[in-house]
Amino acid sequence: SHVCRAFPGDINLIQTTSNTNLLPRPGWIHLDMVDPDTLRNLPPRLDAIIYLAQSPYYKDFPGHSNHIWEVNVQGVHRLLEYARQAGVQHFVLASSGSVYLPSDADLRETDPLWLAPGGSFYARSKIAAELLMNAYADFFSTTILRFFTMYGPRLAPDMLLARMARSVLHGLPVSLSGKDGFSFNPVHADDAARAVVRAVLLEENHTINVAGPEVVTLGQVCR
């Protein structure tokens, strides 16, 4: 993955996946975050945890609401409790920029979250996971990374820019809201991975937006 390649070569990484097609591979452990017993596969001691797990059904609400909740919230809680008992010193959680209220202004980490009706179930699950992280802040250093729209190679095919790229390459229509669609700050996957590596080294407790420096519209990207 982008994150694994971003770490120095002298770091001992244990990588986990729910994709059994990738196993067995040296240094990989199979975890299914909807299974309460899955953490038995982890070693008794770890220094740091990076939680990047994502339900493949994150857009399917209410059809797969249970799966989204199990991966984004229950799985986080199970791993936080494991971390407390395993002597973990740093816990990094991948959250999302979708937790914020919609705004045309630059978003800061202290801006209001989208708690009122109208937000997505996915975003609410991320907010819930963040609240759980804060509850464990006395036991180890915690860093919440709120990722915005990512681009680059090897992205999941259902991610926004991956879908847009396929549509453009195959000459398929792209629907835009208004003249040019919404605006966003795309961040390259390699830059996002470097942010994860740096987050593991942070002490105390942090919440950090991870976005690119340039504001573009969806129409500009498609052209």
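1. Let me start with helix 5, residues 189–200. With 12 residues at 1.5 Å a residue, helix 5 should span 16 Å, and its end C-alpha atoms sit 17 Å apart, so expectation and model agree. Bear in mind throughout that this is a predicted model.

2. Staying with helix 5, the buried residues there are A189, A192, A193, V196, V197, A199 and V200. Around the axis they cover an arc of only 160°, so they lie on the same side of helix 5.

3. A189 also turns up as a partner of L155: setting aside neighbours within four places in sequence, L155 is in contact with M150 and A189. L155 itself belongs to the loop between strand 6 (150–151) and helix 4 (160–169). If you want a sense of where that loop goes, compare L155 with D138: they are 17 residues apart in sequence, yet 34 Å separate their C-alpha atoms.

4. On to the overall picture. The protein has six helices and 10 strands. For 223 residues, a compact globule would have a radius of gyration near 17 Å; the protein comes out at 18 Å, which agrees. Taken along the principal axes, the C-alpha atoms fill a box of roughly 55 × 40 × 35 Å.

5. Two more whole-protein numbers. Of the 223 residues, 38% are buried. Looking at contacts with a separation of 6 or more, 71% are between residues 24 or more positions apart.

6. Now the aromatics, where the count comes to seven pairs. Take Y58 and Y122: the ring centres are 5.5 Å apart and the planes make an angle of 55°, so this pair is tilted; an angle over 60° would have made it edge-to-face. Y58 is in the loop between strand 3 (48–51) and helix 2 (65–85), while Y122 is in helix 3 (residues 121–135), so the pair ties together parts that are 64 residues apart in sequence. Both Y58 and Y122 are buried.

7. W69 and F121 make another tilted pair, at 6.4 Å centre to centre and 45° between the planes. This one also links distant parts of the chain, with W69 in helix 2 and F121 in helix 3, 52 residues apart. Are these two rings' residues buried or exposed? Neither label fits: W69 has a relative accessible area of 36%, so it is partly exposed, and F121 counts as partly exposed too, at 22% relative accessibility. The cut-off for buried is under 20%, so F121 at 22% falls on the partly exposed side.

8. There is an aromatic cluster worth a look as well: ring pairs link F91, Y136, F139 and F140. One member, F139, has a charge over its ring, since the charged end of R84 sits there, 5.8 Å from the ring centre.

9. Finally, T142, which is in strand 5 (residues 141–147). At 2% relative accessibility, T142 counts as buried. What does T142 touch, not counting residues up to four places away in sequence? The list is F91, M133, Y136, A137, E204, N205 and H206. Two of those names, F91 and Y136, belong to the aromatic cluster in the previous point, so T142 is worth viewing together with that cluster when you open the model.

Notes:
Residues are numbered from 1 along each chain as its sequence is written. This is a predicted model: local features need pLDDT of at least 70, side-chain atom pairs count only at pLDDT 80 or more; totals for chains, interfaces and linings use all residues. Side-chain values use heavy atoms; hydrogens and water are left out. Rings of Phe, Tyr and Trp (its six-membered ring) pair if their centres lie within 6.5 Å; planes under 30 degrees apart count as stacked, over 60 as edge-to-face and the rest as tilted. Helices (H or I, at least four residues) and strands (E, at least two) are DSSP runs, numbered from the N terminus. Buried means under 20% relative accessible area, exposed over 50%, partly exposed in between (1.4 Å probe, protein chains only). A charge sits over a ring if NZ of Lys or CZ of Arg is within 6 Å of the ring centre and within 35 degrees of the ring normal. The expected span of a helix is 1.5 Å times one less than its number of residues. The arc is that of the directions from the helix axis to the C-beta atoms. Contact means heavy atoms within 4.5 Å. The radius of gyration is taken over C-alpha atoms; the globule rule is 2.2 Å times the number of residues to the power 0.38.
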